[in-house]
Amino acid sequence: MASTFGKALKFSIFGESHGRAIGGVADGFPPGEKIDETELARFLARRKPGQKGTTPRRESDRIEILSGVYRGKTTGAPLALLIENRNTRSADYEALQDVPRPGHADLAALLRYGESADRRGGGHFSGRLTAPLTAFGGIAKQILERRSVFIGAHLAAAGTISDAPFDAVSPTREALLAPGEKSFPVHDDAAGTAMQKAIFSAAKAGDSLGGIVECCALGFPEGIGTPMFDRIECRLAQLLFGIPAVRGVEFGNGFGAAALSGSENNDPFVRKGKKIVTASNRHGGALGGISSGMPILFRVAFKPTPSIAAEQKSVDLRTGKTAKLCVAGRHDPCVAVRAVPVVEAAAALVLLDLLLSEKKVVF
């Protein structure tokens, strides 16, 4: 399995949803960087299960840093961390061993790895594996913020209900970070209330909803990125698509640009003091795969949670006959809610890796 990502900052994720623990090892965090473990725990708490509108599975997600930190600062050596699984219920999955769940990786895992695959709770394919990714991203966020690079995200949509978007041209640090300070990560609280009602309604019907997370990075320096395949968009998309349930990523206007003319989609250049910037930001902060100095703005689409209580059609792998199943267990009715800090974390890891790789910022 290729569960390693990065160049100057390289990290690996290990574990399974119902194994003893999950965790990771990161090599490349610069030495002497202070880690605020209280802030890191608060950031990870935004992702942990058991919150309102999420899976009933209760996990503390307490991070145990095993190496790479001494007296509260990074040493430059590999940083290893561990998060124990304390609230597994593997019995919920025994009846599913011969009947793959529609929309899940069950059948694909069996075809690729045979009976060796641990499919309890999704195994290594589970969204549970985003916990160590979020922890590493939380560390990267702290390092970037000390260099005036700020990353924030919000739930832009749940089902058909949308939140107010970020200001693509002149977002403030406060506006970027505000959704992350709330119990439900949106700008418009009225929209958030409507989203929660829709999510609860879907869950009550034994169903689920998809969603969109919008993310923005402010203060990232211009001139970073390399064509053709190390474009900022390429690097971000690779890690973002590593998050389970992600089905689409768009930058700036994204797919909406296909319906516009060039005169409508182009961002006019203007002078702002000694710098040349764009009057709008339909390009999402990257031109030719290189940062333009404008805010980096993108959206990530998440599919509806495939584990639903409503009856679905599948095949019994033992008999080859049609089978019907209702998925038991504890599952998020909308995975995009808890994915908001995960998207922030992924963005932070990619942007820090780019800065370290190109040595454009002093560490």
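# Exercises on a predicted protein model

The accessible surface of the protein chain comes to about 16800 Å², and carbon and sulfur atoms account for 54% of that area. The model is a predicted one.

## Exercise 1: overall form

Determine how the extent of the protein chain relates to the globule rule, and describe its secondary structure.

*Solution.*
1. The protein chain contains eight helices and 18 strands.
2. Its radius of gyration is 21 Å, close to the 21 Å given by the globule rule for 363 residues; the chain is therefore as compact as a globular protein of that length.
3. Along the principal axes, the C-alpha atoms occupy a box of roughly 70 × 50 × 40 Å.
4. Of the 363 residues, 48% count as buried.
5. Consider the contacts between residues at least 6 apart in sequence: 73% of these join residues at least 24 apart.

## Exercise 2: a salt bridge between helices

Establish which parts of the chain are tied together by the salt bridge of lysine 141 and glutamate 344, and classify the burial of lysine 141 and of glutamate 344.

*Solution.*
1. The closest N and O atoms of lysine 141 and glutamate 344 are 2.8 Å apart, which means that the pair meets the 4 Å cut-off for a salt bridge.
2. Lysine 141 belongs to helix α3 (residues 130-145) and glutamate 344 to helix α8 (residues 336-358), so the bridge links parts that are 203 residues apart in sequence.
3. The relative accessibility of lysine 141 is 9%, so this residue counts as buried.
4. Glutamate 344, at 2% relative accessibility, also counts as buried.
5. In the whole structure, 22 salt bridges are found.

## Exercise 3: two further salt bridges

Classify as buried, partly exposed or exposed the partners in the salt bridges of lysine 182 with aspartate 189 and of arginine 231 with glutamate 233.

*Solution.*
1. Lysine 182 and aspartate 189 meet at 2.9 Å, N to O.
2. Lysine 182 has a relative accessible area of 31% and is partly exposed; aspartate 189, with 48%, is partly exposed as well.
3. For arginine 231 and glutamate 233, the closest N and O atoms are 3.5 Å apart.
4. Arginine 231 is partly exposed at 27%, whereas glutamate 233 is buried at 15%.
5. Elsewhere, salt bridges with shared partners join Glu33, Arg146 and Arg147 into one network.

## Exercise 4: an enclosed helix

Explain why helix α6 is described as largely enclosed.

*Solution.*
1. Helix α6 spans residues 232-240.
2. Its buried residues are Ile232, Glu233, Arg235, Leu236, Ala237, Leu239 and Leu240.
3. Seven of the nine residues are thus buried, so the rest of the structure largely encloses the helix.

## Exercise 5: nonpolar residues inside and outside

Identify the best-connected members of the largest nonpolar core and the residues that make a nonpolar surface patch.

*Solution.*
1. The largest nonpolar core has 70 residues, among which Phe29, Leu155 and Phe298 touch the most other members.
2. Helix α8 supplies the largest share of this core, 17 residues.
3. Beyond its neighbours within four places in sequence, leucine 155 is in contact with residues including Phe184, Met195, Ile212, Ala336 and Val340.
4. Another core, of five residues, lies apart from it; Leu96, Val99, Ala323 and Val327 are among its members.
5. In soluble globular proteins, nonpolar side chains tend to be buried together.
6. On the surface, Leu107, Leu111, Val315 and Leu317 make a nonpolar patch of about 360 Å².
7. Leucine 111 lies in helix α2 (residues 106-113) and, at 69% relative accessibility, counts as exposed.

Technical notes. Residues numbered from 1 in each chain as written. Predicted model: local features only at pLDDT ≥ 70, side-chain atom pairs only at ≥ 80, totals over all residues. Heavy atoms only, no water. Salt bridge = Lys/Arg side-chain N within 4 Å of Asp/Glu carboxyl O. Helix = DSSP H or I, 4+ residues; strand = E, 2+ residues; numbered from the N terminus. Buried < 20%, exposed > 50% of the residue type's maximum accessible area, 1.4 Å probe, protein only. Core = buried A, V, L, I, M, F, W, Y, C linked by side-chain atoms within 4.5 Å. Contact = heavy atoms within 4.5 Å. Patch = residues over 30% accessible without salt bridge, like charges linked within 9 Å, V, L, I, M, F, W, Y side chains within 5 Å. Areas by Shrake-Rupley, 256 points an atom, 1.4 Å probe, with all protein chains shown as cover. Rg over C-alpha atoms; globule rule 2.2 N^0.38 Å.
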